[in-house]
Amino acid sequence: MSAARQDAAVSRPAFDVEAVRQDFPVLHQEVHDRPLAYLDNAASAQHPVQVIEAVAEYYRRDHANVHRGVHQLSQRATAAFEGAREKVQRFINAASEREIIFTRGTTEAINLVAQSWGRANLGPGDEIVITHLEHHANIVPWQMLCEQTGARLRVIPMTASGEIDLEAAREIIGSATRLLAFGHVSNALGTINPVEELVGLARAAGALVLLDGAQGVPHMRVDVQALGCDFYAFSGHKMFAPTGIGVLWGREELLRAMPPWQGGGDMILAVSFEQTTYNALPWKFEAGTPHIAGGVGLGAAIDYLERLDFDAAAAWEHELLVYGTEVLGAIEGLKIIGTAPRKAAVISFVLDGVHPHDIGTIVDHAGVAIRTGHHCAMPVMEYYGLPATARASFAFYNTKAEIDRLAAALRQAREVFA
Ligand code: 7TS
């Protein structure tokens, strides 16, 4: 969220977190006889009852295969699934619903671009540029593509605060760069990356830009046209929708020119053994029966977010970040990893003398769910010389009391291992 937007949000009425929590049934339970504090939202967020009900209603009443039946149920399922596509289009301000490709998630969306656009367009002498901060989903598909095409992968280094080194970016992005791919927000550290500057560098070099938006969409309003990128990938399950559904947005003229990457039903207009004619956008990239209920759930999640005061929710998340940084930072022996000035509500940390996995187990016994490990960003861990970190990641339904409980459990962990 931009500073201006945050300022605007501050003047709004306070965010009613207790009311919002009532929408999320999963939060109201005990684990290990303690109330659950769910602080692992960067891995996967929870679902409001509105999403759960929309999916249940779809299965109770409307389920059939899409795009093929003239019967009532198939028509309803198609309307619900295609309706969700329109909601996504409006939510991210895409120019048309033809630009919204449903995928299994961010990972599949990035692989689609690598295998379709990449294989058709790259060869020896071409460079793909990523950054040191990437999730494995924005590293490995490009390594595979480089092996297949002879293109070269280059990596913009990071700085000690967990930011992309822009000086180095200026040197690395150049006339050989065909694609710059980077995360909107780092999942391991929470850094909000400088999209405008990086898009500017790529544009000046004549390169395309893919943004991995897995951690962007849940935390800030995304307008793909304003961002100026060419592809934007994200996952439903990090934005309160089901797993197994995600989105690749791409500029229509690019998608139109790209070959399909998987063949099968639904992605064709006509098939004979001599020749196949592919379907129009977006179905050209959606071979096989899609995750219809997931699409319905994603649409319901967007409806939910649009009814919520999203700016107030984002301001609350920011308040949680500031509070958590203060409270956790005050714990003796605790070091926060990732201290960029612009961060989403993610706090990665290590605790002197306690392995992150032990931290995870101890806080779990206090009812607090956090993630520990390399967060599928092994190069980031390697940069800091760490095998793993513990990571608390907040959603707008989290509270300061939950952060206090995490802090208390961490103090206890220190004592146990002292
Ligand atoms: N990119 C980023 C920035 C991510 O955070 C993740 C998942 C992905 C890509 C892959 O998304 P998927 O839905 O296709 O799996 N990140 C995490 C995480 O931080 N902890 O668990 C999954």
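For the classes used here, Ala, Val, Leu, Ile, Met, Phe, Trp, Tyr, Cys and Pro count as nonpolar, Asp, Glu, Lys and Arg as charged, and the others, Gly among them, as polar. The model is predicted: local features need pLDDT of at least 70, side-chain atom pairs count only at pLDDT 80 or more, and totals for chains, interfaces and linings use all residues. Residues are numbered from 1 along each chain as its sequence is written, and side-chain values use heavy atoms, with hydrogens and water left out.

**Exercise 1.** Work out which residues surround the ligand and how they split by class.

Start with the shell (a heavy atom within 4 Å of the ligand). You get 15 residues, and the closest are Thr 107, Asp 212, Ser 235, Arg 371 and Arg 391. Now sort them: 4 are nonpolar, 7 polar and 4 charged.

**Exercise 2.** Find polar contacts of the ligand with His 237, His 135 and Thr 106.

Look for pairs of N or O atoms within 3.5 Å. A ligand oxygen sits 2.7 Å from a side-chain N or O atom of His 237. Next, a ligand nitrogen is 3.4 Å from a side-chain N or O atom of His 135. Finally, a ligand oxygen lies 3.4 Å from a polar backbone atom of Thr 106.

**Exercise 3.** Why does the ligand lie between the domains?

First grab the bounds, which come from an automatic or database domain assignment: domain 1 (3-48 + 309-417) and domain 2 (51-306). Both give residues to the ligand's shell, so the ligand lies between them.

How values were computed. Polar contact = N/O pair within 3.5 Å; in protein donor to acceptor, adjacent residues only side chain to side chain.
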